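Reader: I would like a close look at a single part of this model and at what packs around that part. Please keep the account plain and go through the contacts in order.

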Amino acid sequence: MGVTVIVTESLSKRFPRVTALDRLSVDIGPGVTGLVGANGAGKSTLIKILLGLSPATEGRAEVLGLDVATKGADIRERVGYMPEHDCLPPDVSATEFVVHMARMSGLPPTAARERTADTLRHVGLYEERYRPIGGYSTGMKQRVKLAQALVHDPQLVFLDEPTNGLDPVGRDEMLGLIRRIHTDFGISVLVTSHLLGELERTCDHVVVVDGGKLLRSSSTTDFTQTTTTLAIEVTDTDEHPDGTRAVRDALHARGVTVEDGSGLPGAGHILLLTAAGDETYDLVRDVIADLGLGLVRMEQRRHHISEVFKDNDAARKEAVGHGN
Amino acid sequence: MATEHPTATVPGDQTRIHNIGYRSYDGPRLGRAYARRSLYSQSLRGAYGLGRSAKSKVLPMLLFVVMCLPAGIMVAVAVATKANELPLDYTRYAIVLQAVISLYVASQAPQSVSRDLRFKTVPLYFSRPIETADYVRAKYAALASALFILTAAPLLVLYVGALLAELDFADQTEGFAQGLVSVALLSLLFAGLGLVVASVTPRRGFGIAAVIAVLTITYGAVSTLQAIADVQDSSGAVAWIGLFSPITLIDGVQSAFLGATSAFPGGAGPSNAEGVVYVLVTLGLIAGTYGLLMRRYKKVGL
């Protein structure tokens, strides 16, 4: 596999009334890449173009070194796709369905059956795979959707919002699975989401698009430094009857901007601050220890992508402000 | 074939459970034409409920039996009574049992295409090497083949029975061949109409009702008008009216060119010149439904 998996050069897609992609140029290497954007940011349009199913209005793109405009069928043979929406017929079993999709990708019958058994086991479907899909839970259906994208051993998979509709446990399992697709299976992943928080933990690289434009493309570590928000809750003591306030003042004195977590459950007792890196965690720990307060919780809050857009510049300034 | 890593089994240490890990696939990838054939065979099997739930096998299998049963009875009667011809012509068989054929198209055309639309499986197909034309051709060919099996099987029963009853070989073979050509045309025409109607709606129920409506209402209207025209002695009109329903279209084609006796009122089928129009309209409809299906699926992307 080459150094780049996906390249786009001023890729544009215009519909009569809307511009879905606006001169998008990205260069994506092997590994797990997150494609983040609000609904309608152009994520699905990009995937469609990369699969060679929709011609770009302008610009060019290559997937695995193949031009999307001319080599669509070759690309689709080597790439897997897991759609965002439901795509499973309820009256067939997972095995039956995945075997069929493997054959649709060009695998001979025997290989299709072997790969189906392997792939379903890898995504965590065992005895239930012989039952009709209609009776599956959302989590199991997502696994079948993932299996059909992996069954032909592609070099790259496009996963469109794979965690949609899953409960927190299912979400974590799916994210773990996505990580394994690269580390254990050696398949590169392009995964879309409108939640930046969950992609931070899973991806090596994150590309943020908004209104069809590239907003940012950077490795996940850069991202975490400027965008992680910490939520802190402390106890009160006799010495500091309002512990929350005491912490806020102390952090202010150290040059850290702190916000009230208004609008959140437990508002008034929760402080939000932007973490620049490990030193922020240390600082918070030290400040609270010095005041003699109890730390009830300190957790990373998941970003909704719209927050990143709103706070993007402010957050960066803050990070620079107190990071040193 | 998937590559087997030697770590999968360690001789002499079989009590341990091995995670054989991910195996990559280095075998052949057979591409677009193979994928299209796979879709064809899956759809053809699906049209008889094979590879689907037990419940979905009931109706197509039942209709197949209902379709073949009269042929079996006729053969038994012909053999028992030592008749010198079959009670029913090969070409008449499908016309007489048209209700069964219509019911089959109405139930299986929607299961073939409406399901893919309703459960949004179509985008998955197009994320594979195949393209719109492959999908349409595979589905069209599969339903036409399924219909051909349904309509040709009883003719085969009749033919084998006729030979067992020691009827004239040349006569029977000619009739059988004419019957096969006729049901082949019928299969293509009905499959096309059924698929076009079914592909408009993702709801299977609507699809079934719409296909039945298209096939039976046109037939009802046409045969009523033909009867009226016949009573009023305008036998020319009888032939022209017959162009407007699928089953009378097939009837016209085969009575003009395939030696069939027409089921039209008065027994007067179209003349040769009119028969040419019948053939053209039939072929035009088959091509037209194919074109409509292509247009329909151009719009169904991811």
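Author: Helices here are DSSP runs of H or I with at least four residues, and strands are runs of E with at least two, both numbered from the N terminus. By that rule chain A holds eleven helices and 14 strands. The model is predicted. The part chosen for the close look is helix 4 of chain B, taken with its partners and then with its surroundings.

The first partner is helix 7 of chain B, residues 169-200. The axes of helix 4 and helix 7 of chain B come within 8 Å and cross at roughly 50 degrees. An angle of 35 to 65 degrees falls outside the parallel and perpendicular ranges, and helix 4 and helix 7 of chain B are therefore oblique to each other. The crossing of this pair is right-handed. On the side of helix 4 of chain B, the contact is made by B:Ile101, B:Val105, B:Ala106, B:Ala109, B:Pro110, B:Ser112, B:Val113 and B:Ser114. Helix 7 of chain B brings B:Phe190, B:Gly194, B:Leu195, B:Ala198 and B:Ser199 to the contact. By class, the residues of this contact are nine nonpolar, four polar and no charged.

The second partner is helix 8 of chain B, residues 204-231. Helix 4 and helix 8 of chain B pack at an angle of about 140 degrees, with their axes 8 Å apart. Since only angles over 145 degrees count as roughly antiparallel, helix 4 of chain B is oblique to helix 8 of chain B. This crossing is right-handed. The residues of helix 4 of chain B that take part are B:Ser102, B:Val105, B:Ala106, B:Ser107, B:Ala109, B:Pro110, B:Gln111, B:Ser114 and B:Arg115. They meet B:Arg204, B:Gly207, B:Ile208, B:Val211, B:Ile212, B:Leu215 and B:Thr216 of helix 8 of chain B. The classes in this contact are eight nonpolar, six polar and two charged.

Helix 1 of chain B also has to do with helix 4. The buried residues of helix 1 of chain B pack against helix 4 (98-118) and helix 6 (132-164) of chain B, and against helix 3 (94-104) of chain A. Those buried residues are B:Ala35, B:Arg36, B:Ser38, B:Leu39, B:Ser43, B:Leu44 and B:Gly46. At 1.5 Å a residue, the 16 residues of helix 1 of chain B, 31-46, should span 22 Å, and the end C-alpha atoms are 22 Å apart, which agrees.

After helix 4 of chain B comes a loop that leads to helix 5 (122-126), and B:Phe119 is placed in that loop. B:Phe119 counts as partly exposed because it has 19 C-beta neighbours inside 10 Å, where a buried residue needs 20 or more. Leaving out residues up to four places away in sequence, B:Phe119 touches A:Asp86, A:Cys87, A:Leu88 and A:Pro89. The C-alpha atoms of B:Phe119 and B:Leu195 are separated by 17 Å, with their positions 76 residues apart along the chain. B:Leu195 is one of the residues that helix 7 of chain B gives to its contact with helix 4.

The contacts of B:Phe119 lead to the interface. The contact between the chains takes 36 residues from chain A and 36 residues from chain B. On the side of chain A, helix 2 (72-78), helix 3 and helix 4 (109-122) each give two or more residues. That side divides into 16 nonpolar, eight polar and twelve charged residues.

Helix 4 of chain A can be followed further. The 14 residues of this helix should span 20 Å at 1.5 Å a residue, and the end C-alpha atoms are 20 Å apart, which agrees. Buried in helix 4 of chain A are A:Ala111, A:Ala112, A:Arg115, A:Thr116, A:Asp118, A:Thr119, A:Leu120 and A:His122. Their cover includes helix 3 and helix 5 (138-150) of chain A. Just after helix 4 of chain A, A:Gly124 takes a positive phi of about 90 degrees.

Two loop residues of chain B also have positive phi. B:Lys82, in the loop between helix 2 (54-81) and helix 3 (90-96) of chain B, has phi near 50 degrees. B:Lys82 is exposed, with 9 other C-beta atoms within 10 Å. B:Glu166 lies in the loop between helix 6 and helix 7 of chain B and has a positive phi of about 55 degrees. With 10 C-beta neighbours inside 10 Å, B:Glu166 counts as exposed.

Notes: Residues numbered from 1 in each chain as written. Chains lettered and ligands numbered in written order. Predicted model: local features only at pLDDT ≥ 70, side-chain atom pairs only at ≥ 80, totals over all residues. Expected span 1.5 Å × (residues − 1). Buried ≥ 20, exposed ≤ 12 C-beta atoms within 10 Å, placed from the backbone. Contact = placed C-beta atoms within 7 Å. Axes fitted to C-alpha atoms, helices over the stretch in contact; angles between N-to-C directions. Parallel < 35°, antiparallel > 145°, perpendicular 65-115°, else oblique. Left-handed = near helix turned anticlockwise from the far one by under 90°. Nonpolar A, V, L, I, M, F, W, Y, C, P; charged D, E, K, R; others polar.
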